[in-house]
Amino acid sequence: MSSVSRRALFRNINYRSDTEYVVKVAKFLLTPVGIWPLYRDDSTLSKIKTALQTSFIFSLMCFLLVPHIIYTFFDAEDLTRYMKVIAAQVFSLLGIIKFWTMIINRDAIRHCLQQMEIQYRDVECEEDRMVMVRNAKVGRQFTMMYMGLLYGGALPYHIIMPLVADKIVKEDNTTHLPLPYLSDYIFFVVENSPFYEILFVTQILFSTIILSTNCGVYSLIATCVMHACCLFEVARRQLETIVISGTDNLHEGFSRVITQHMRALRFVEMIENSLNIVFLSEMVGCTIIICFLEYGVLKEWEDNKLFGMVIYFILMISILVNVFTLSVIGDRLKEESEKVGETSYFIDWYTMPAKNASNLIMVMVRSNRPSTLTAAKMFDISLQSFCDVCKTSAAYFNFIRMVAS
């Protein structure tokens, strides 16, 4: 049976379960905070419910972040304490940026996810489906690695470090544990029990919401970008099989390749337009976070606090892994888009009829400008960007050491 016939007979009856597997982690993390864009009713009641849910979650984030910033700028006793907590503030701010990016671009992101489901449904053969599933697994592995490191560092930072930190001495000579987020609530006093204990637990829960938002959006990015990579890979595989299958139905084969290639290009464009602000905030914010975490590791080492040093180190590694993974998938996307053009050149196009070989020109010309992820159109997300982040954070770290010394 010819490859065309096999493609005509193939039906992916498992496309819903495939799609569910791809987006499962992002859906699990983003649904509780109200920013998961799929499976949402457009009725008035649903819109009101979504608006109330997102407003409530945003209020919780501000309740955690704003008093923390007030304390840092007005009540912090010394520069060292300020520098050790600024990383948590920047991380929380990144969560808020991602939160509002998902809300503002909800329709565009939902269209990306719907297109992903359609592409799993319309996949033409089992080999193409396996390519898509394999890339989905890679994206999921990136997500699970990042989540393990981030939760493994952030939860002990918020829960255990306050328990082992030096107690705060009040004016009446009593002591209490520091809050996970040192805060100044201007309009009420938090030191009195049981309100203090309630606030302690509340801050941990609210910080978990911000963690979930960061990890959920990160998972969504990894999922969508790896899916775009597999679309380019499928187009390349289809191009390679054109010559192998012979000269029959060449026009149909090239039409299918060009359609697949344009589908991949449009999908990348949707991701880029929807999330380029997130990419910029990640690269800039993570640069700041890494340099302050480096300072935290140094100070904990100087103070002989092994546990704190380990926690700061794990957090620093998790943020480095975050930037590195974004850079890797950005490079992978660019590489896969370039390979389509390379394949169109290296196949035996000279054995084809001239009228069919000329169809390759469109693919070659378009592949000369590879698809990339950009940070708000300012620079590409690539391994070079990761190197720039590492060098910049090291330079900032040296500057902080000079200021604090």
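## Meeting Phe-279

A good place to start is Phe-279, which touches Ile-221, Glu-272, Leu-373, Thr-374, Ala-375 and Ile-381 when residues up to four places away in sequence are not counted; here a contact means heavy atoms within 4.5 Å. You are looking at a predicted model, in which local features need pLDDT of at least 70 and side-chain atom pairs count only at pLDDT 80 or more, while totals for chains, interfaces and linings use all residues. Residues are numbered from 1 along each chain as its sequence is written, and side-chain values use heavy atoms, with hydrogens and water left out.

To find Phe-279, look along helix α8, residues 250-302. Helices are DSSP runs of H or I with at least four residues, strands are runs of E with at least two, and both are numbered from the N terminus. Is Phe-279 buried or exposed? Phe-279 counts as buried because its relative accessibility is 2%, and buried means under 20% relative accessible area, exposed over 50%, and partly exposed in between, using a 1.4 Å probe and protein chains only. In sequence Phe-279 and Leu-326 are 47 residues apart, but their C-alpha atoms are 8.4 Å apart in space.

## The whole chain

Now step back to the full fold. The protein chain has 12 helices and two strands, and from start to end these follow the pattern α-α-α-α-α-α-β-β-α-α-α-α-α-α. Of its 405 residues, 52% count as buried. Among contacts with a separation of 6 or more, 80% are between residues 24 or more positions apart.

The accessible surface of the chain comes to about 19,400 Å², and carbon and sulfur atoms hold 63% of this area. Such areas come from the Shrake-Rupley method with a 1.4 Å probe, and for residues only the protein chains shown count as cover.

## Annotated transmembrane regions

An unreviewed UniProt entry carries the annotation "transmembrane region" for residues 51-74, 86-104, 144-164, 185-211, 275-297 and 309-329. UniProt positions are given in the numbering used here, feature names are shortened, and annotations may be inferred rather than shown by experiment.

Two of these spans can be followed in the model. Residues 86-104 are 100% helix and 0% strand, with end C-alpha atoms 27 Å apart. Residues 275-297 are also 100% helix and 0% strand, and there the end C-alpha atoms lie 32 Å apart.

## Where α9 meets α11

Helix α9 spans residues 306-346. How do the axes of α9 and α11 meet? The axes of α9 and helix α11 (residues 360-367) come within 8 Å and cross at roughly 145 degrees; axes are lines fitted to C-alpha atoms, for helices over the stretch in contact, and angles run from 0 to 180 degrees between N-to-C directions. On the α9 side the contact is made by Ser-337, Val-340, Gly-341, Ser-344 and Tyr-345, and on the α11 side by Leu-360, Val-363, Met-364 and Ser-367. Sorted by class, this contact has five nonpolar, four polar and no charged residues. Ala, Val, Leu, Ile, Met, Phe, Trp, Tyr, Cys and Pro count as nonpolar, Asp, Glu, Lys and Arg as charged, and the others, Gly among them, as polar.

Val-365 is also found in α11, and Val-365 is exposed because its relative accessible area is 53%. The C-alpha atoms of Val-365 and Gly-341 are 7.8 Å apart, with their places 24 residues apart in sequence. Back in α9, Glu-336 is buried, since its relative accessible area is 3%. Leaving aside neighbours within four places in sequence, Glu-336 is in contact with Cys-229, Phe-232, Glu-233 and Arg-236.

## Three loop residues

Val-33 is found in the loop between α2 (15-30) and α3 (44-74), and Val-33 counts as buried because its relative accessibility is 4%. Beyond residues up to four places away, Val-33 touches Gln-53, Thr-54, Ile-57, Phe-99, Ile-209 and Thr-213.

Asn-304 lies in the loop between α8 and α9. Its phi is near 60 degrees, a positive value in a residue other than glycine, and Asn-304 is exposed because its relative accessible area is 70%. Ala-376, in the loop between α11 and α12 (383-404), has a positive phi near 55 degrees. Ala-376 is buried, since its relative accessible area is 18%.
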